[in-house]
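Me: Mind walking me through this one? I'd like to start with a sheet and then go to where the chains meet.

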Amino acid sequence: MPQIWDETHKTDQRVIHIEPVTRLEGHAKIDIFLDEKGDVEQTYFQVVELRGFEEFCKGRPAEEMPRIVTRLCGVCPWPHHLASSRVLDVLFAAPPPPTAHKIREMGYCAHMLESHLEHVYALGPAPDFVLGPAADPMKRNVIGVIEAVGMEVGSSVIRHRGYAVEIENIVGGKSTHPVFSLPGGVSRPMTQEQIDRIRELADKLVEFTEFTLTVVDDVILSNKEYVDIILNKDLYYHNSYHMGMVDENGKLAFYGGKMRIMDPNGKIVDNFTENDYLDYVAEHTVPWSYLKFPYLKKVGWKGLTDGVDSGLYRVAPLSRLNVADGMATPKAQTAYDRFFETLGQKPVQNSLSFHWARAIECVYAAERLQQLANDPEVLGKDYRTISDRVAGEGIGIVEAPRGTLFHHYKSDEKGLITDVNLVVASAQNYGAMNLDIRNVAKTLIKGGQISNGILNMVEMGFRSYDPCFSCATHAAIGQMPMELVIHDNTGEEIRRIRR
Amino acid sequence: MAEKITIALKRGASCVGCDIAIVNFNEELFTLLEIADIVFAPTLIDVKYDALRKMPDKSITIGFYHGAVRNSDNEEFAHIMRQKCQILIAYGACAHMGGIPGLANVTTKQAILNKVYKETFSAVNPEGTLPQEISKDEVGHELTLPKFYDHVLALDDVVDVDYFVPACPPTPDMNMQILGVVKAFVTEGKPLPPKGTVIASEKTLCDECKRERGEKVAVDRLYRVHEKEFDPEKCFLDQGILCLGPATRAGCGAVCTETNMPCRGCMGPTAAVTEQGASMLSALASVYGLTDRESEMSEEEIDKLMSNILDPLGCFYRFSLPKSQLGRVVSDTKG
Amino acid sequence: MSESFTPKILIFCCNWCAYAGADLAGVSRLKISPHFRVIRTLCSARVDPEFILHAFKQGADGVMVLGCHPGDCHYIGGNYRTRRRMALLKVMLLQFGLNKDRFHLEWVSAAEGEKFAQVVNGFVERVTRLGPSPFREIKEEKQRETIAAAAQAAAAQ
């Protein structure tokens, strides 16, 4: 039986720090400020890391970018690798042949699976729901889950995720920091042997993703207390816009589609492609975090608030399911239908349902992987377009496991990077994370009564989004710099000292 | 039955690929868990900083620190890990040499501040707001952020390191090697390698790479990777594709060259040289554009030849800039 | 610029030509600035780019490499290698931000005492005008940041 609630104790502190937040990718902390009564006044979810990609990539040869930008994130290097490649397909005027796109997408489906499965079983819902939000923190992790469910199931989870990793290795060379994608295509064609193995594994993965859906059913959806928590509008809930990619039939897509925006009332208000993204997306800076807040330009930045007048929007599995007309593969479509029958009309705004949506995306990813592995064109020998032309600019969008990812580079006439803009998946959910954390804290913490379970439930406010903050904070900044310039008596600069 | 050891994983300025490298132990994770308990690993386990700080000194057997040191937080925890762990391992290219984050040493904090928060295409910031080490909200709540350093550093620039595991990220084979060493140490009392060892080969990648090489490597013309298709059997340099193999350690299984992509040096240099960039520069300059009329070539011709090599700094020091001799780009007096 | 700045300059001389040329300059009592030190190698090709980078790291304000004229190398083709490596090193040093006048490659034969004096004096003058190398401060800068953090960590324990 999962432990959902635990005994509280009173704290006299006016600030509670949760540091670091755990079971996510990234460096962040939560500050909960209490008033004199011990009720929550305000919360902040601060991201404390940054590195500087948008600046230090300047001067690098553009064709090197796909292997540099993977290091934005070791959990989701594939979206960066492929978004970067799509930029360069345009920047070098080298449209890839269909085989290349299919090889890329095939590897990418395996990555989606690998990343999503890792979140479902290791980072997010499994520890929190199998063991319960208030379970012993030393047990509330993937190791504790395996102990609870038994070695057979545990091994199966690890083995199947391992299959996805194996496919990533086959297609990409390395599962973490793939190397295979280039401007104009991929580095080599697939062999029959490789495709046979991928087909074999894809079949197993389709089965396993169906199993994962039953796990969601058994552990979460059949537990009335959990369902109450999911549906409770004072907890993990707010009314936001949603953004996601769809294919030419309006079905959910990860790669090669167009973008859609849905408003909090369920209306599709905008469609756009790469070239127009700057008309739709802008980023806001705050002094208390290194992470910027993307928002809808047309609606405007209205602060950390929800509703149709706030420019905050969400991305990733729930949002993708919301904006799409359906799923492009049959088992995923069945799961999609059940999802909306259960949770009601679009857009579904209950944040914890991201976990279920993620499991449904696993089914699509596995089926799509199967489709591509069985497509004769994936064995095509036309795997690259060679070009020596430098067009100077490119934009690429893919759907990362954690949301929409935008890469945009400019180069000079030699093809050396002059400008980089990255709008990264998790940043677009950063506002939502702050809102959910605030709502949960305000509802659960009263009169200074806290417990380890309550604090974990506050953390669950961000975990629905499976955040990836290394990506999100690609920038590196610091304190205001100081520079001292010394001139000689002719006014000529002779020395510069920097702090 | 030998007692279980304890393990901690901490990250600095990292992409977390190194944590994933450990998750990718797959079923070997069970082997690891038989001999070790993981007592601190924020990506996977809900143990917070307070708990780590309270652990007695030297109470954790092995600490894995991955990521570069680029802010006060990263450094603080480098020191804490050094205190709490008997053995501290710099795990992955970033902790070893600075890694890709180390490329930030080509620029300055000011340039980055301006770029990221004011100048990117999507940034909208008319007030010029910047993140602050200390800030207050409208009610007076104080919020802090770590201090960012001017320089990106490797782990051993701030603390004493026992072992280095190169590569970005360390490969499954390398991890199994380490697991084997740790297991032998725990269950059989076998001694660990000498302190300061880089746990990898002392040969260069060319030794491990299966491609065919000519008698002597001669790079007639340099092609950028998007300019031609690659022969999957032939040495990259022989084909005119820049490959850092000659300046890079073996031990990664030459996965990139197997995938028909040239090496970019993530394993770092062998112990025979003091830095990777000079090593590659020497090697390349010695074999590039060799002609029969070497004696007649003018200085201008040679300069022109070398100018075809775009971005030597960013290429030869892709993963190792903070550990290069010079360490970073500077601003010099105008002549 | 304060007149009290004395640059630290390192000159690599090959044994057979440049070093002999330096000797000749000395024996001929030519006027040469004293602000440099010589490291003699058997061939200019022995000068690994690593040495030059290390010299700048250690605080050299200027570095020169002097060797035999192309075609006259005692080891036949050593200086062909030298000039290629130094050409590429120049590109990279510029990327590092160093002013181009801080590094120079020149050919000086055993008979060219005058040339040696000229080249050295010119180099010393140019480097003096540039002032201290920006790399002099880097080491201290890094330590300042890290020592402060160490003290903080120690205090927080």
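**Sheet and interface**

Reply: Sure: chain A has an open sheet of 3 strands in the order 13-14-15, paired antiparallel. Strands here are DSSP runs of E, at least two residues, and helices are runs of H or I, at least four, numbered from the N terminus; two strands pair if DSSP finds at least two bridges between them. It's a predicted model, so local features need pLDDT of at least 70 and side-chain atom pairs 80 or more, while totals for chains, interfaces and linings use all residues. Residues count from 1 along each chain as written, chains are lettered from A and ligands numbered from 1 in written order, and side-chain values use heavy atoms, without hydrogens and water.

Me: Why is one side of strand 13 and of strand 15 of chain A left without a neighbour in the sheet?

Reply: Strand 13 (393-400) and strand 15 (417-423) of chain A each have one side free. That is because each stands at an edge, with a single partner strand.

Me: Over how many bridges do strands 13 and 14 of chain A pair?

Reply: Strand 14 of chain A covers residues 403-411. Within it, Gly403(A) is the bridge partner of Ala400(A). The two strands run antiparallel, and the count is 8 bridges.

Me: Which residue of chain A meets Asp46(B) in a salt bridge?

Reply: Chains B and A share 11 salt bridges (Lys or Arg side-chain nitrogen within 4 Å of an Asp or Glu carboxyl oxygen). In one of them the N to O distance is 4.0 Å, and the partner of Asp46(B) is Arg463(A).
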